[in-house]
Amino acid sequence: MNSVIITVTGVETGDIYYSRSYPDDDFNDNGKIELYSTPVYKVTIENTLNSTMKKEWKALRFMPFWNDPSSPSSSYKTKGWVNSGLTSVAKKKVPMYDKNYATHNRFSPFGGAFQIQGNFLIHAGPSDINESGWGAAGCVEIIGSFDDFKKDIANLAGISTKDLHQSMIDLVKAGKLFVEVQYALRPNLKSKFYAEY
């Protein structure tokens, strides 16, 4: 199998996604959900031996996180407002692929997640840029079909796409899947209030 690298770039696509804060989506406690203008970033997948073999995707990288200190979610240590997301991670082997992962903030038909580090993952996101209202606690959310994202990885690695979960597990176990998060300045999403509903 070929080595493949997932690169979460610092390049904004120019798209704006309307996200909600997570785990609490009502910052001002008025019974409405606030949406924030959130930049979208380019993610590439490429064969490490042949950079012409490359696929491009869009993803949510930095997202508004609000864990109300007056009634915090016990699932997260961080309390208050955070512009969540990793500013950079040097190239490394993907430590784990979790085939049982399911998104927490919204339903997605696509399961599984790649670990970047700790609880920071790459997993399914909105089906398209217009499906507003997703939130995150620092993970990278791929826009579109996460199964197609995994198929691109499998095809570039030269492995079967019949059982995508097993193919991703095998690729990670063989030490052939890498990830890099290129530097990007974390945006001030609290100042990017868009609307509430």
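The protein has two helices and 13 strands, where helices (H or I, at least four residues) and strands (E, at least two) are DSSP runs numbered from the N terminus. This is a predicted model, so to speak of local features takes a pLDDT of at least 70, side-chain atom pairs count only at pLDDT 80 or more, and totals for chains, interfaces and linings use all residues. Residues are numbered from 1 along each chain as its sequence is written, and side-chain values use heavy atoms, with hydrogens and water left out.

**Overall build**

Along its principal axes, the C-alpha trace spans about 55 × 30 × 30 Å. With 197 residues, a compact globule would have a radius of gyration near 16 Å, and the protein's 17 Å agrees with that. (The radius is taken over C-alpha atoms, and the globule rule is 2.2 Å times the number of residues to the power 0.38.) Of the 197 residues, 49% count as buried, meaning under 20% relative accessible area; exposed is over 50%, and partly exposed is in between (1.4 Å probe, protein chains only). Take contacts (heavy atoms within 4.5 Å) between residues at least 6 apart in sequence: 67% of them join residues at least 24 apart.

**The core and helix 1**

In general, nonpolar side chains in soluble globular proteins tend to be buried together. Here the largest nonpolar core has 30 residues, and those with the most contacts inside it are Phe-114, Ile-122, Ile-142, Phe-149, Ile-153 and Leu-177. Such a core is a set of buried Ala, Val, Leu, Ile, Met, Phe, Trp, Tyr and Cys residues joined through side-chain atoms within 4.5 Å.

Which element gives the most to this core? That's helix 1 (residues 146-157), with six residues. Its buried residues are Phe-146, Phe-149, Lys-150, Asp-152, Ile-153, Ala-154, Leu-156 and Ala-157. Phe-149 touches Ile-6, Val-43, Ile-45, Trp-57, Phe-114, Ile-122 and Ile-142, leaving aside its neighbours within four places in sequence.

The helix length checks out too: at 1.5 Å a residue, its 12 residues should span 16 Å, and the end C-alpha atoms are 17 Å apart, which agrees. (The expected span is 1.5 Å times one less than the number of residues.) Right after helix 1 comes Gly-158, with a positive phi near 75°.

**Aromatic pairs**

A search of the whole structure finds 13 aromatic pairs. Rings of Phe, Tyr and Trp (its six-membered ring) pair if their centres lie within 6.5 Å; planes under 30 degrees apart count as stacked, over 60 as edge-to-face and the rest as tilted. Here are two of them:

| Pair | Centre to centre | Angle between planes | Type |
|---|---|---|---|
| Phe-27 and Trp-81 | 5.6 Å | 85° | edge-to-face |
| Phe-114 and Phe-146 | 6.0 Å | 70° | edge-to-face |

Phe-27 sits in the loop between strand 2 (22-23) and strand 3, and Trp-81 in strand 6 (residues 80-84), so their pair ties together parts that are 54 residues apart in sequence. Phe-27 is partly exposed at 28% relative accessible area, whereas Trp-81 counts as buried at 17%. Both belong to one aromatic cluster with Tyr-36, Trp-66 and Phe-193.

Phe-114 is in strand 9 (residues 113-117) and Phe-146 in helix 1, so this pair ties together parts 32 residues apart in sequence. Phe-114 is buried at 1% relative accessibility, and Phe-146 is buried at 0%.
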